[in-house]
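Here are some notes for a colleague who has not yet looked at this model. They cover the pairing of the chains and the contacts with DNA.

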Protein chains: 2
Amino acid sequence: MNSIEIARLAGVSRSTVSRVINNYANVPPKTREKVMKVIQQYNYFPNVSAQVLAGKRARTIGLFLIAPGHVSSDILTNMLIVSVIEDASAYGYYVLTHIIRDANDTETINNVKEIFFQRRIDGGIFIGAAKHEPIIEELISEGFIVGVVDQEQPEIQQFNRIVANFNNDSGMKQAVAYLAGLGHSKIGVINGDMNRLSGPTKYEGFLKAMQLCGLHVNQDWVLAGSFHEESGYEAIYSFLRTQGERPTAIIAANDSVAFGAIRALKEHGLQVPADMSIIGFDDHPLSDKHHPALTTIRVDFSGMLKRLTSILIAKIEQPTADVKQITLDCSLVVRESCRRV
Amino acid sequence: MNSIEIARLAGVSRSTVSRVINNYANVPPKTREKVMKVIQQYNYFPNVSAQVLAGKRARTIGLFLIAPGHVSSDILTNMLIVSVIEDASAYGYYVLTHIIRDANDTETINNVKEIFFQRRIDGGIFIGAAKHEPIIEELISEGFIVGVVDQEQPEIQQFNRIVANFNNDSGMKQAVAYLAGLGHSKIGVINGDMNRLSGPTKYEGFLKAMQLCGLHVNQDWVLAGSFHEESGYEAIYSFLRTQGERPTAIIAANDSVAFGAIRALKEHGLQVPADMSIIGFDDHPLSDKHHPALTTIRVDFSGMLKRLTSILIAKIEQPTADVKQITLDCSLVVRESCRRV
DNA sequence: CTGAAAGCGCTTACAG
DNA sequence: CTGAAAGCGCTTACAG
């Protein structure tokens with residue numbers, strides 16, 4: 001079944017069939033009806049490849065997740081993916097999800113480029129990118145419409161780059177203020193991946209917040225991490241082997257890191273929050289089920305992706321010159337992992 | 001950049017460029033090299049719509065999830081989706097995920113049909129379908145290649161229908177035998193959705209297993225449910241308001257239902273497993289984090305989807321007349337929600 | 001208001 | 001081994 005057949009059966013030309021399908025104004029109701037009847041009767045749906053080839057949009061966006069390891073086991077990542085699928089669906093768009101294990105692998109990068117250049121998608125969203133990701137720069141300079149989470153809008157603003165971030169500064173301020181309010185002055189931090197924007201941003205926020213509260217930052221309590229559970233475990237594991245003084249509270253770069261940290265503390269016979277207060281970042285789906293339930297800085301990932309997807313699709317449908325930037329606030333969620341000292 | 005440009009730059013015809021791209025045997029190495037150099041140099045990727053229109057595959061499969069409610073919050077469903085995305089990716093295929101809230105809504109069904117008829121996808125997988133789903137039957141009779149989880153292969157076997165199931169019978173047998181071994185004889189059950197194959201299958205498996213163990217089935221302890229957390233909660237909530245004798249153990253149609261059931265028991269002041277033993281089905285990602293950690297019948301969803309995806313893609317690439325059927329075994333996972341009586 | 005025709009960018013028999 | 005040409009199924013100026 002194709003448009004020629006439909007045209008024949010309806011007694012019109014392919015042009016008219018196409019006009020009906022694309023809701024052109026200059027088709028009289030009677031003609032439209034006649035054609036629609038045949039279309040419905042014969043279960044006709046225009047071939048999407050032919051439409052795209054003739055200049056229509058693919059109505060598909062790409063979702064690129066940069067994440068090492070086996071992603072399908074990470075609950076939060078999975079939620080992000082499904083979130084975007086549902087958001088796009090509200091606009092009649094489909095999502096092509098691509099998981100990037102290693103953003104430095106040539107073949108992988110070539111695959112990503114292929115998806116854009118093949119015109120499989122009308123635009124793409126990148127999650128988990130480093131501060132500077134060559135592939136993203138290349139795509140943007142090629143004119144593709146790209147949404148990026150956790151990167152800065154560069155000096156020379158580009159209309160086809162949509163940037164989305166959380167206000168990590170404010171988040172850290174809330175975390176430190178909360179701990180200070182509970183009487184903590186010895187506060188440590190486990191950093192995230194310093195190659196990603198939110199790594200240094202959170203750390204700088206931490207430093208600023210400490211200063212604001214008049215607290216001293218002990219460099220021995222600034223531990224390296226990578227946003228993963230394992231890095232939180234390892235940070236605390238090695239820290240506890242040192243002999244120096246210990247902080248009474250630790251802020252983790254995110255909740256996964258906090259989970260790992262708590263696991264290491266437990267193994268070492270330390271209880272949270274009795275022996276150490278821990279505060280996370282993100283409000284991971286597991287944080288309220290965790291023991292102890294994790295106090296954290298909530299971040300609205302779904303809300304961010306909803307806005308990002310919506311802006312991306314709007315840009316695809318109506319390319320405009322305005323530069324889009326999304327910043328979302330975070331909020332403290334008090335649960336059970338911090339205590340008053 | 002298109003194949004004509006590449007042809008011109010390489011000093012050959014478009015035919016030859018196409019032959020190089022599609023790895024035809026009859027291209028001399030020197031010609032191939034010459035063309036490849038230009039292709040790489042100019043970042044050329046053939047337009048996928050043109051390729052599909054000319055008869056190649058879209059290298060995309062559809063994933064249709066029939067699930068009411070807001071899916072992005074269900075951890076297990078999310079894992080299934082990402083699982084398929086990763087499996088397909090191993091074959092160079094992309095996944096178009098579509099979430100079906102209501103399989104009886106005409107517009108929704110039309111959307112599903114559209115995806116197939118538009119030729120966006122080469123085949124599709126359905127998860128969460130009822131025993132008989134008209135849309136699936138229609139697609140299969142139209143000749144589309146379809147994989148279905150939790151449905152039967154009909155009498156007249158169809159080569160383009162791939163069916164995947166768990167051995168629910170054996171699962172139920174293991175659950176009942178385990179409880180019987182702990183001394184339970186008063187065993188109740190919360191059923192799943194009886195409109196889906198695994199609903200009645202699990203219940204029948206339960207009945208058979210009870211008989212095998214010489215145990216009597218008390219119909220008052222056969223509670224209705226729907227595979228969702230809420231239904232487990234409600235089943236127990238209303239059951240506890242009745243005055244009759246209570247079972248000492250309950251088998252839930254799946255882990256979500258078990259979570260709901262335990263929540264209702266707790267609210268009623270009953271402890272698991274002290275006052276009631278509970279056993280689930282699936283081994284949900286949260287089951288080992290649950291309090292008490294849930295004893296359950298493990299089911300390998302990822303393994304099933306991996307096989308289903310692989311067979312689906314094989315069928316797409318090489319349509320054969322053989323009928324494919326997948327059945328996976330389940331296994332008991334003992335944790336903390338059952339006790340000896 | 002509507003049809004004939006060009007064009008989108010490929011692939012693949014066909015002929016040599 | 002390779003090129004010219006038909007064909008895939010649409011959309012959209014263009015002309016009337």
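1. In chain A, A:Ser49 is the residue that comes closest to the rotation axis, its C-alpha lying at 2.2 Å. A turn of 180 degrees with a shift of 0.0 Å along that axis lays chain A on chain B with an RMSD of 0.0 Å; this is the relation of a two-fold axis. Copies are superposed by least squares on C-alpha atoms of residues with pLDDT of at least 70 in both. Of the contact residues of chain A, 100% recur in chain B (contact means heavy atoms within 4.5 Å).

2. The model is predicted: local features need pLDDT of at least 70, side-chain atom pairs count only at pLDDT 80 or more, and totals for chains, interfaces and linings use all residues. Residues are numbered from 1 along each chain as its sequence is written, chains are lettered from A and ligands numbered from 1 in the order in which they are written, and side-chain values use heavy atoms, leaving out hydrogens and water.

3. DNA strand D is surrounded by 26 residues, A:Arg14 and B:Arg19 being among the closest (near means a heavy atom within 4 Å). Of the strand's atoms within 4 Å of the protein, 61% belong to sugar or phosphate.

4. H2(A) gives the most to this surface, four residues. Helices are DSSP runs of H or I with at least four residues, numbered from the N terminus.

5. Phosphate oxygens of DNA strand D lie 2.5 Å from a side-chain N or O atom of A:Tyr24, 2.8 Å from one of B:Thr16 and 2.9 Å from a polar side-chain atom of A:Asn22.

Definitions and conventions
A polar contact is a pair of N or O atoms within 3.5 Å; within protein, one must be able to donate a hydrogen and the other to accept it, and residues adjacent in sequence count only if both atoms are side-chain atoms. Helices (H or I, at least four residues) and strands (E, at least two) are DSSP runs, numbered from the N terminus.
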